[in-house]
Amino acid sequence: MRARTAEQGYVLMFVLAVLVLVSVLVLGVASTLRLDAALARHQRDGTLAEFAARGALDFTAAQLLLTDAIERAQPPIPGTQPPAPDPRRWRLGGGPYQIDVGELPVRVWLADAALRPDANLLLPDEWERLLRLMFNYEKPQAEAAARRITQARTQLSAQRGLKGFGSMHELMVTAGLDRDTVYGTGGDSPALAQLLSLGTGQKRLEANLAPLPLVQAMADASAAAVRRLADLRAEYAKATPPKRLTAEEAASIVGRAPDMFFVGPSEQIDVRLAVQPPGQSGPPWRYQALLRKGPGGYAVESRGADATLTQPRS
């Protein structure tokens, strides 16, 4: 009797062990299936967002061409009130402009790309001054960050044969910069993503619009020279009719060659797009692109995703 009882106990333990093993396998399979389904949804949403961004970019190019045609047909008349806002006219510095591509809402911001120097062209001493003046880095901290940025850019260029960073997120990760420096903390806080661009291939400054700390960092100008530049900008803005600084005037104030400055607009347009994913839930997918204005219209020069980009300020 005792032997039979012991045998039954062993059988019960074996059955329980099998049940536990089967339960673990079922839970593992279920978890894997849930993960695969989530990854499939993510890939689907990303594909939809990418094609929506491409469609929105083509629409943006057409809308800018329409704006040019309207302004040629209806030029401003001196001495009259400016026309009322026209939703058909998309302007640099404007946005967000709202469009729907399929079932996905897309917001679009526009800016003159030349107002943001190309981050891939900045020299180590320019990075060091920029981080000290605009982000309050101590000199040793700024010098170390400038070295990391330069080394990361060189390594990326050697690996991919490109000019350097492909996105601001890549700059942040590979160079070890903190998120607040790259994307800001909201409001009017400085952010590299708002001061610099990628892929424009130029680092000239717009004489009338470039942020003064950016001018001071790029030109290695004294604080007194920057104040004189600010005063002259304000004086010209109050003139009747308003005047604009020339590249030569700005260069003479900060003590640099005139080719460091230009008077806009340029032919490159920085486009930022935010695509809301299906279901209106979750953060938007964000994209950046460059459009170049040519004789036949606006052509896409480069585009790419930057999923962590904060909302651009208009």
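**Surface patch, helix packing and salt bridges**

A nonpolar patch of about 810 Å² lies on the surface of the predicted model. Its contributing residues are Val11, Leu12, Phe14, Val15, Leu16, Val18, Leu19, Val22 and Val26. Of these, valine 26 belongs to helix α1, which spans residues 2–73.

Helix α1 also takes part in a salt bridge, through aspartate 68. The side chain of aspartate 68 meets that of lysine 293, with an N to O distance of 3.6 Å. Lysine 293 is located in strand β6 (residues 285–294), and the pair, 225 residues apart, thus links distant parts of the chain. Across the whole structure, 11 salt bridges are found.

Two helix pairs were examined for their packing. Helix α3 (residues 139–160) packs with helix α4 (residues 168–175) at an angle of about 115 degrees, and their axes are 9 Å apart. The two helices, α3 and α4, are therefore roughly perpendicular to each other. The crossing of α3 past α4 is right-handed. On the α3 side, the contact is formed by Arg148, Ile149, Ala152, Leu156 and Arg160, while α4 provides Glu170, Thr174 and Ala175.

In the second pair, helix α8 (residues 223–238) and helix α9 (residues 247–254) pack at an angle of about 150 degrees, with 8 Å between their axes. Because angles over 145 degrees count as roughly antiparallel, α8 and α9 are assigned to that arrangement. A right-handed crossing is found where α8 passes α9. Here Ala225, Arg228, Leu229, Leu232 and Tyr236 of α8 meet Glu249, Ala250, Ile253 and Val254 of α9.

How values were computed: Residues are numbered from 1 along each chain as its sequence is written. This is a predicted model: local features need pLDDT of at least 70, side-chain atom pairs count only at pLDDT 80 or more; totals for chains, interfaces and linings use all residues. Side-chain values use heavy atoms; hydrogens and water are left out. Patches are made of residues with over 30% relative accessible area and no salt bridge: like charges are joined within 9 Å, nonpolar side chains (Val, Leu, Ile, Met, Phe, Trp, Tyr) within 5 Å. Accessible areas come from the Shrake-Rupley method with a 1.4 Å probe; for residues, only the protein chains shown count as cover. A salt bridge is a side-chain nitrogen of Lys or Arg within 4 Å of a carboxyl oxygen of Asp or Glu. Helices (H or I, at least four residues) and strands (E, at least two) are DSSP runs, numbered from the N terminus. Axes are lines fitted to C-alpha atoms, for helices over the stretch in contact, and angles run from 0 to 180 degrees between N-to-C directions. Angles under 35 degrees count as roughly parallel, over 145 as roughly antiparallel, 65 to 115 as roughly perpendicular and the rest as oblique. A crossing is left-handed if the near helix is turned anticlockwise from the far one by less than a right angle, and right-handed if clockwise. Contact means heavy atoms within 4.5 Å.
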